[in-house]
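Dear colleague,

Please find below the structure for your review. My findings follow it.

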Amino acid sequence: MLDQPVRPMRILLVGAGGVGAAFVAIAARRDFFDHVVVTDYDISRAEKAAAIDPRFSAAQVDASSAESVAALVREHAITHVLNAVDPRFVMPIFEGALAGGADYLDMAMSLSKPHPEAPYSRVGVMLGDDQFAAEAEWTSAGRLALCGMGVEPGLSDVFARYAADHLFSEIDELGVRDGANLTVDGYDFAPSFSIWTTIEECLNPPVVWEKARSDVDGGWFTTEPFSEPEVFDFPDGIGPVECVNVEHEEVLLMPRWVDAKRATFKYGLGDEFIDVLKTLHKLGLDSTTKVSAGGVQVSPRDVVAACLPDPASLGGQMRGKTCAGLHVTGTGTDGRPRSTYLYHVVDNEWTMREYGHQCVVWQTAVNPAVALELLATGAWSGVGVLGPEAFDAVPFLELLSAYGAPWGQRDDGDQPALGTAP
């Protein structure tokens, strides 16, 4: 356990779904905060999550309203707002935190909009652009917005900082690679994470960054969804998984703070999952624009989400492991070519036994808990709109291991081994 907090931390948790409830279970074992107000549009869900510990209480929130968030910040003397809902609500929560006078963390950034004429070659509005546009307001207010602080984005970005500071003298590519061998008993198709968010990131044009192209759109460009397939061998028994380009925040965050020649994000979806997503797109069921159905205005994507099981409820039927990581290539500190995979593997059996939450939401939730503890103790500090790469990686990786979630490092030719920061 680290030293006592620099100042009393009072957290407003927005969202008591899978990730939010997992955060509560993780934070309940730590002592870096005074109080957490667990909020949700469904007050009963917030009350259920908050019942774990007297340091938690519940309240109702409208995450689409900045004023609703700001009012709760003021009412409960909140110091930090943690956004644990899907990214369509990022901006009102982000704005409400600042208006109320609190710092802010999220695990996904403001939504993108494809380029109107060239969606598969040029970027339009990029992930996080709306938040970075408010940089001056956050800086002048002396407030911190720590954006993209889940697992991906989040831990993968911490790995980028660690690789640049401790393992490489020159980086050719920062390549996030995410894969799993998870199955769900009794379901032919049951995503382990929010289908709303999965559709958004998988069907939008993927973004790639290259330093050599920095004279056009800052080096960011787009490709077709599911492009550049490659088979990546994941550690700890997961094995080879085909990964494809997907839109993700790391590609927008890493080049801002870490010197590299290229940044990519590839996700191991599998042929069946890709086929389902393509079918949803062909039928227009990925759309968020409301349509009339039996006289009722509904969003097709919301209907798809309502027809699928809640990912948070699947833990008891899930089997296998999930892996988030960053494959870094370039020149090592010894001047020789280097290829290293920094990773974090979580076993669903362990998270269910220890915390009662499935591994994907638990792996996402543990990282903002670690970040908040570092902010509470003063090990991390800053103002403005920042990504995880803006902070020293070593305290984070040390504390992550202390949470019982050790990370790993595999160099080409080596056997995977659990890693600890120096």
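In strand β10, T222 is the bridge partner of V207. I should say at once that the model is a predicted one. The strand β10 covers residues 220-222 and runs antiparallel to β9, to which three bridges join it.

On its other pairing, β9 meets strand β13 (residues 262-267), again in the antiparallel sense, over two bridges. There, R262 of β13 stands opposite E210.

The side chains of β9 (residues 207-210) can be described in two sets: V207 and W209 point one way, while V208 and E210 point the other way. Every one of these four residues is buried. The general rule is that side chains in a regular strand alternate between the two faces of the sheet.

A second element of interest is helix α3, which spans residues 66-75. Its buried residues are S68, V69, A70, L72 and V73. These pack against four strands and a helix, namely β1 (10-14), β2 (35-40), β3 (56-60), β4 (80-83) and α4 (90-100). As a general point, an α-helix has 3.6 residues a turn, so residues three or four places apart point the same way. Just after α3, the backbone at A77 adopts a positive phi of about 50 degrees.

You may also wish to examine the second largest pocket, which holds about 310 Å³ of space. Its lining consists of 16 residues, of which L203, N204, H281, D286 and R301 are the closest to the centre. Which helices each supply at least two residues of that lining? They are α8 (195-203) and α10 (271-282). The largest share, three residues, comes from α8. By character, the lining of this pocket divides into seven nonpolar, five polar and four charged residues.

Finally, a word on A390, which is placed in the loop between β19 (384-386) and α14 (393-402). Is A390 buried, partly exposed or exposed? Its relative accessibility is 33%, and the range for partly exposed lies between the cut-offs of 20% and 50%, so A390 counts as partly exposed. From A390 to W220 the separation is 170 residues in sequence, and the distance in space is 20 Å from C-alpha to C-alpha.

With kind regards

Conventions
Residues are numbered from 1 along each chain as its sequence is written. This is a predicted model: local features need pLDDT of at least 70, side-chain atom pairs count only at pLDDT 80 or more; totals for chains, interfaces and linings use all residues. Side-chain values use heavy atoms; hydrogens and water are left out. Buried means under 20% relative accessible area, exposed over 50%, partly exposed in between (1.4 Å probe, protein chains only). Two strands pair if DSSP finds at least two bridges between them. Contact means heavy atoms within 4.5 Å. On a 1 Å grid over the protein atoms alone, a cavity is a set of points where a 1.4 Å probe fits but cannot get out, and a pocket is an open set with protein on both sides within 12 Å along at least five of seven lines; lining residues have an atom within 4 Å of a point. Grid points are joined across faces, edges and corners, and a volume is the space filled by probe spheres set on the points. Ala, Val, Leu, Ile, Met, Phe, Trp, Tyr, Cys and Pro count as nonpolar, Asp, Glu, Lys and Arg as charged, and the others, Gly among them, as polar.
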